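Student: I should like to practise justifying the terms used to describe a protein structure. May we go through one example together?

Tutor: Certainly; please ask for the reason behind each term.

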Amino acid sequence: MRFADARGPATMSEPWLSADDIANHLGVTKDTVYAWISDKAMPAHKVGRLWKFQASEVDAWVRGGGAAVAGEAGPPD
């Protein structure tokens with residue numbers, strides 16, 4: 001099914017991932033995911049009692065330095 005949204009033209013609907021799924025996707029623990037939500041504004045959506053994630057939003061957040069440790073140098077150019 002295709003939908004148009006604020007991000008641009010109609011695209012395939014991306015599945016919502018659970019905290020376990022996104023932790024596995026990133027190779028971190030679920031506790032780290034919850035800490036990043038509260039401390040580093042990781043993109044997440046609360047649905048009832050559950051946190052849900054779009055991998056594309058989280059990937060963009062990571063690439064933008066959202067998960068970087070303060071004072072940590074980035075990759076060499």
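Student: How many helices and strands are there in the chain, and what pattern does the chain follow along the sequence?

Tutor: In this predicted model, the chain has three helices and four strands. Read along the sequence, they follow the pattern β-β-α-α-β-β-α. Of the 77 residues, 21% count as buried. The chain exposes about 5,600 Å², and carbon and sulfur atoms supply 57% of that area.

Student: Why is Ala 41 called exposed?

Tutor: A residue is called exposed when its relative accessible area is over 50%. The value for Ala 41 is 60%, so Ala 41 is exposed. Ala 41 lies in the loop between helix H2 (30-40) and strand S3 (45-47).

Student: What is the phi of Ala 41?

Tutor: The phi of Ala 41 is near 55°, which is a positive value in a residue other than glycine. This residue comes just after H2. Positive phi values are also found just after the other helices: Gly 27 has about 75° just after H1, and Gly 65 has about 95° just after H3.

Student: Why is Thr 32 called partly exposed?

Tutor: Partly exposed covers what lies between the limits of under 20% for buried and over 50% for exposed. Thr 32 has a relative accessible area of 25%, so Thr 32 counts as partly exposed. Thr 32 is placed in helix H2. Thr 32 and Ala 19 are 13 residues apart in sequence, and their C-alpha atoms are 9.9 Å apart in space.

Student: What makes Tyr 34 partly exposed?

Tutor: The same limits apply, with buried under 20% and exposed over 50%. Tyr 34 has a relative accessibility of 34%, and therefore counts as partly exposed. Tyr 34 also belongs to helix H2. Leaving aside residues up to four places away in sequence, Tyr 34 touches Ala 19 and Trp 51. Tyr 34 and Ala 23 are 11 residues apart in sequence and 9.6 Å apart in space, C-alpha to C-alpha.

Student: Which residues of H2 are buried, and how do you know that they are on the same side of H2?

Tutor: Val 33, Trp 36 and Ile 37 are buried in H2. They cover an arc of only 100° around the axis, and therefore they are on the same side of H2. There is a general reason for such an arrangement: an α-helix has 3.6 residues a turn, so residues three or four places apart point the same way. The face of H2 turned away from the buried side carries the exposed residues Asp 31, Ser 38 and Asp 39.

Student: What covers the buried residues of H2?

Tutor: Their cover includes helix H1 (19-26), strand S4 (50-52) and helix H3 (55-63).

Student: Why is H1 called roughly perpendicular to H2?

Tutor: H1 and H2 pack at an angle of about 100°, and their axes are 8 Å apart. Angles of 65 to 115 degrees count as roughly perpendicular, so this term applies to H1 and H2. On the H1 side, the contact is made by Ala 19, Asp 20, Ile 22, Ala 23 and Leu 26. On the H2 side, Lys 30, Val 33, Tyr 34 and Trp 36 take part. These residues divide into seven nonpolar, no polar and two charged.

Student: How do you know that the buried residues of H1 line one face of the helix?

Tutor: The buried residues in H1 are Ala 19, Ile 22 and Ala 23. Seen down the axis of H1, they fall within an arc of 105°, so they line one face of the helix. H2, S4 and H3 are included in what covers them.

Student: What makes the buried residues of H3 line one face?

Tutor: Ala 55, Val 58 and Trp 61 are the buried residues of H3. Seen down the axis of H3, they fall within an arc of 125°, and therefore they line one face of the helix. These residues pack against H1 and H2.

How values were computed
Residues are numbered from 1 along each chain as its sequence is written. This is a predicted model: local features need pLDDT of at least 70, side-chain atom pairs count only at pLDDT 80 or more; totals for chains, interfaces and linings use all residues. Side-chain values use heavy atoms; hydrogens and water are left out. Helices (H or I, at least four residues) and strands (E, at least two) are DSSP runs, numbered from the N terminus. Buried means under 20% relative accessible area, exposed over 50%, partly exposed in between (1.4 Å probe, protein chains only). The arc is that of the directions from the helix axis to the C-beta atoms. Contact means heavy atoms within 4.5 Å. Axes are lines fitted to C-alpha atoms, for helices over the stretch in contact, and angles run from 0 to 180 degrees between N-to-C directions. Angles under 35 degrees count as roughly parallel, over 145 as roughly antiparallel, 65 to 115 as roughly perpendicular and the rest as oblique. Ala, Val, Leu, Ile, Met, Phe, Trp, Tyr, Cys and Pro count as nonpolar, Asp, Glu, Lys and Arg as charged, and the others, Gly among them, as polar. Accessible areas come from the Shrake-Rupley method with a 1.4 Å probe; for residues, only the protein chains shown count as cover.
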